Amino acid sequence: MNPASVLPAMPGATPVSGLDSAWRWSPNPMFTFTAALSTDGRHNLQVNVRGPYDEGLVTALLAHARAHDGEFVGRGRPLVGIEGFRHPGAAFDTVGVATAAVHGYHATENPELSAVTYAVFPAYASEISGRENEEEAWGRFRKMLQPNKLDRAPVPFVKMRYDNTRTGSGSKGDARGFAPLATLERELGLLEDASGSFVEWENRHGGLWRADSTGDGILLTHDGTREPVDTERLRDVGRSSVR
């Protein structure tokens, strides 16, 4: 597979201004695809955009990914965040990269190209740990992060489990699963006057917190310490812990 010959032959492909060995094409009015060769020339770094397209932002994403492709090409990590990204007018601070098993780009029409393609997308540092296994990376990329949108809000890395005796709601099993930040905030707010309930959550660094509702209030445990907290303080901790 030689992506240098395949990519410029994509229907309607045109060179990207300001970035060598990069091409852009649009299969339909809704989608715009932009691809650039990796430093070694043997891999495809590709940004897929659905909806409004920002040429400057996409070009900057690919340039940042290429400049740091030694951090992910051939490293075997299914989902990686390359921090230090900046672009005028954009809030993103990270470039996300996903492997073929996660993104599925070109999987049907050209499996050989798919195998050497890395999906590149705008991201936030709070979203990716770099420790995700393939199943977790697939779920984050396909179901939570909306990687093909250039105007999306952050989706922080939150893994949690919980049980609430008052509402009767709770997670299944003993393992923590990915959840939206809004779910964490909601369940923390429901601990008051729900004796026997708990919320346990993890951030992208592997930090672990647990809040337990007792007959006397709420106790927050983290890093070997335990302290009583009110609901407002607990929600603040929840939000700040996953930034």
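Student: What makes one say that the charged end of R210 sits over the ring of F198?

Tutor: In this predicted model, the charged end of R210 is 4.2 Å from the centre of the F198 ring. The distance criterion is within 6 Å of the ring centre, and 4.2 Å satisfies it. A second such arrangement places the charged end of K159 over the ring of F178, 5.3 Å from its centre; that value also lies within 6 Å.

Student: Why is the pair of W25 and F33 called edge-to-face?

Tutor: A search of the whole structure finds eight aromatic pairs, and W25 with F33 is one of them. Their centres are 5.9 Å apart and their planes make 85°. Centres within 6.5 Å count as a pair, and planes over 60 degrees apart count as edge-to-face; the pair therefore earns the term. Both residues are buried, and ring pairs link W25, F31 and F33 into a cluster.

Student: How do you know that F121 and F141 are paired, and what does the pair tie together?

Tutor: The two rings lie 5.5 Å centre to centre, with 70° between the planes. These values meet the limits of within 6.5 Å and over 60 degrees, so this pair too is edge-to-face. F121 belongs to strand β7 and F141 to helix α5 (residues 134-144), so the pair ties together parts that are 20 residues apart in sequence.

Student: Are F121 and F141 buried or exposed, and how is that decided?

Tutor: The cut-off for buried is under 20% relative accessible area. F121 has 1% relative accessibility and therefore counts as buried; F141, with a relative accessible area of 4%, is buried as well.

Student: Where is L19 found, and why is it classed as it is for burial?

Tutor: L19 is located in the loop between β1 and β2. Its relative accessibility is 10%, which is under 20%, so L19 counts as buried. Leaving aside neighbours within four places in sequence, the contacts of L19 are A36, T59, L62, A63 and R66.

Student: What makes the largest nonpolar core a core, and which elements supply it?

Tutor: The term requires buried nonpolar residues joined through side-chain atoms within 4.5 Å. The largest such set has 25 residues, and L45, L62, F72, F85, V95 and V120 have the most contacts inside it. Two or more residues come from each of β4 (44-50), α2 (55-67), β5 (79-83), β6 (94-98) and β7 (117-123). The largest share, six residues, is that of α2. Apart from this core lies another, of 17 residues, including Y162, L188, W201 and L234.

Student: Why are β1 and β5 called edge strands?

Tutor: The open sheet has seven strands in the order β1-β2-β3-β4-β7-β6-β5, with mixed pairing. β1 (14-15) and β5 each pair on one side only, and are accordingly its edge strands.

Student: How do you know that β4 and β7 pair?

Tutor: At least two bridges are required for pairing. Three bridges join β4 to β7, so the requirement is met, and the two strands run parallel. The bridge partner of Q46 in β7 is A119. On this sheet packs α2, touching β2 (22-28), β3 (31-37), β4, β5, β6 and β7; the direction of α2 makes about 155° with that of β4.

Student: Which residues of helix α6 are buried, and what do they pack against?

Tutor: In α6 (residues 181-189), the buried residues are T183, L184, E187, L188 and G189. They pack against β8 (159-163), β10 (198-202), β11 (208-214) and α7 (231-241).

Key
Residues numbered from 1 in each chain as written. Predicted model: local features only at pLDDT ≥ 70, side-chain atom pairs only at ≥ 80, totals over all residues. Heavy atoms only, no water. Buried < 20%, exposed > 50% of the residue type's maximum accessible area, 1.4 Å probe, protein only. Helix = DSSP H or I, 4+ residues; strand = E, 2+ residues; numbered from the N terminus. Contact = heavy atoms within 4.5 Å. Axes fitted to C-alpha atoms, helices over the stretch in contact; angles between N-to-C directions. Phe/Tyr/Trp six-rings, centres within 6.5 Å; stacked < 30°, edge-to-face > 60°. Lys NZ or Arg CZ within 6 Å of the ring centre and 35° of its normal.
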